[in-house]
Amino acid sequence: MALVSLLLIEQILLLAGLLIVVKYLYRVTLDPLARFPGPKLAALTSLYAMSYDLSGHDPLVKHLKTLHDKYGPIVRVRSNELHIFDWKAYYTVFKQGSDFDRLTEFYNSPQFDGSFLNIPNARVAKPHRDLFVQAFSKAAINNLEPLIHEKQVIFLAKLNEAATKDRSVGLDLAFNCLTGETVIHYCYQMSLGLLDEPNFRPRLVVDIHGFAPFVAFFWYFPVIGGMLNNLIFSLPDGIIDKFFPAAMSIKAVEDQCASLINSLSKAPPDSEEVQSSIFRQALNPNKEKGQYVALQKELTADAILMLLAGTDTTAHALTFGVWAMIKQPRMWTKLREEISTVLNDTQTLSSLKSLETLPYLRAVVKESLRVSLGTSARLARVVPSAGVTLCGRRIPANTHISFSHYVYNYDPSIFEDPHTFNPDRWLGPDVATLDSHMISFSRGSRSCIGVNLAYAELYTTFAHLVRRFDLVNDGTTDEDMDWIDTFVPSFKGRLRVKLLAVE
Ligand code: HEM
């Protein structure tokens, strides 16, 4: 009997092995994607991509340019994923009304479940997303100046205190506290106290950064990742807190978001509480006009989305820009000279309107956005049922195609000497071409909803930081400022500086 079982197991294993071999053979021979060039291992298995993305060192996106140089504009980077480096193809896919859906496994974070981010199809997502578009319009953000200034005052005062005490500051985390606090206050009319902590190291920010190295695991093992997530979040709070502090921090924010939405939905629609909230339209949808009626669970997920999408991205642009200018201090000096034309003392704050007139400041903001990428991940989309022709090649339906900002934003044919931080490029005769290739906020129907808020924060923070302080590098290395791909870039170390207040 035992012998029969053993033989059966052996045959099952043999069959399974055979099926795997057939599957791999198919991938490199009969599979329609076998016609596309790329590393052989990548065509066979995701291990190729994983070996970079899960290594904790250089992610796959940093190797894509080399692969494109070798194989051309379309490279097969996984058995069912083609990475594309071609501007025309980019604009075909990332356009208004695009029918290329988001690839769910790259957007599968359970925390965003129910938010419009996780709806793959742009047309389906639109009514839900539209509930927030007005709240992030340029006019709405212009009215937000008092709030942005209120947060700046606290931020600058804390920096001043650090300068007085000659204390080292982790400026990247400090920027996270500022941007997080600004977006939280705007979205939820409350403070999470991110700017209150000494040394800018509030638990939420530290924990979320601590979790970053695990993000890529969820892309490649979405099912196990989802199960782990459910398991962890079902544990008693005490255990989550002890063993999974990042999960506990997220859970605390989720609970706060849920109670905020709950309280807003009970308040009278015309109350100040509701009207000053970004959820004003979502809580009072005009059904006759066909506006989307969102569930409370969906709005809670939207609230979490705003916090996580609106914090790191803006903070990164500031960090990349400041680090580059620490290494090239003449830019700091030039920027200060320009800012001083609209802000002649170090005590007051300038209006956004004045700052927006300053060409060099604009150039620094644009260049910081370019080098910081926005999202570092391969933004992946699914080819619709009709298939598509890109770069003169027919690509079948359901193929996953991806586009990385790292390849596009550092394209030497558009951005000369792309690895050099050079704001002056945005002041030259090619500025219209550069602007039309600025994709850090993405393009089309799923581009960033927070672009106006991000610009307002970038102009205001760069201007006042540069006007009030000189920065001295406190041991930060290029290796610290190198990054891994966790959907957004995550720095390997901290941007440590000391500040000298200027008169
Ligand atoms: C420098 C700052 C920022 C950059 C570079 C940036 C970049 C991006 C990019 C590239 C996307 C598209 C991602 C994709 O297709 O998968 C995106 C989406 C999004 N961003 Fe931003 N972002 C920034 C700041 C903000 C801020 C301040 C908010 C405020 C709430 C925000 C909210 C969102 C949301 C909600 C989405 C999802 C849009 C959708 O699913 O249709 N972002 N952002």
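Leaving out its neighbours within four places in sequence, Cys-448 is in contact with Phe-441 and Ser-442. That makes a handy way into this structure, which is a predicted model. Cys-448 sits in the loop between helix H23 (431-436) and helix H24 (451-468). The residue also turns up in the UniProt record, where an unreviewed entry carries the annotation "binding site" at Cys-448. Is Cys-448 buried or exposed? The answer falls in between: it has 18 C-beta neighbours inside 10 Å, and a residue needs 20 or more to be buried, so Cys-448 counts as partly exposed.

Stepping back to the whole chain, there are 24 helices and twelve strands. The radius of gyration is 24 Å, close to the 23 Å that the globule rule gives for 503 residues, so the chain is as compact as a globular protein of that length. Measured out along its principal axes, the C-alpha trace spans about 85 × 55 × 50 Å. Of the 503 residues, 42% count as buried. As for contacts with a separation of 6 or more, 71% of them are between residues 24 or more positions apart.

Next comes the sheet. Five strands make up an open sheet with mixed pairing, in the order S1-S2-S8-S5-S3. Strand S1 (74-78) and strand S3 (101-102) are at the edges with a single partner strand each, so one side of each has no neighbour in the sheet. Strands of a sheet pair through backbone hydrogen bonds, and the pairing can be parallel or antiparallel.

Starting from the S1 edge, S1 and S2 form a hairpin with two residues between them. Their pairing is antiparallel, over four bridges, and Arg-78 has Glu-81 of S2 as its bridge partner. On its other pairing, S2 runs parallel to S8 over three bridges; here Leu-82 is matched with Ile-401 in S8. What covers the picture for strand S2 (residues 81-84) is that both of its faces are covered: Glu-81 and His-83 are buried on one side, and Leu-82 and Ile-84 are buried on the other. Further along the sheet, strand S8 (residues 400-404) and strand S5 (residues 378-382) run antiparallel and are joined by five bridges. One of the bridge pairs puts Arg-378 opposite Ser-404 of S8.

The nonpolar interior is the next thing to look at. The largest nonpolar core has 97 residues, and those touching the most other members are Cys-187, Ala-303, Leu-307, Leu-361, Tyr-459 and Phe-462. Which helix gives the most to this core? That is helix H9 (residues 171-188), with eleven residues. Apart from this core lies another one, of 35 residues, including Tyr-48, Val-61, Ile-439 and Phe-487. Back in the largest core, Phe-462 touches Leu-318, Gly-321, Leu-361, Val-364 and Val-365, leaving aside residues up to four places away in sequence.

Finally, there is helix H14 (residues 245-266). Its 22 residues reach 32 Å from the first C-alpha to the last, close to the 32 Å expected at 1.5 Å a residue. The buried residues in H14 are Met-248, Ser-249, Ile-250, Val-253, Cys-257, Leu-260, Ile-261 and Leu-264. What do these buried residues pack against? The list takes in H9, helix H10 (203-211), helix H13 (237-243), helix H15 (272-275), helix H16 (280-283) and helix H17 (296-309). H9 thus appears in two places: as a packing partner of H14 and as the helix giving the most to the largest core.

How values were computed: Residues numbered from 1 in each chain as written. Predicted model: local features only at pLDDT ≥ 70, side-chain atom pairs only at ≥ 80, totals over all residues. Pairing = 2+ DSSP bridges. UniProt positions renumbered as here; feature names shortened; annotations may be inferred. Buried ≥ 20, exposed ≤ 12 C-beta atoms within 10 Å, placed from the backbone. Contact = placed C-beta atoms within 7 Å. Core = buried A, V, L, I, M, F, W, Y, C linked by C-beta atoms within 7 Å. Rg over C-alpha atoms; globule rule 2.2 N^0.38 Å. Expected span 1.5 Å × (residues − 1).
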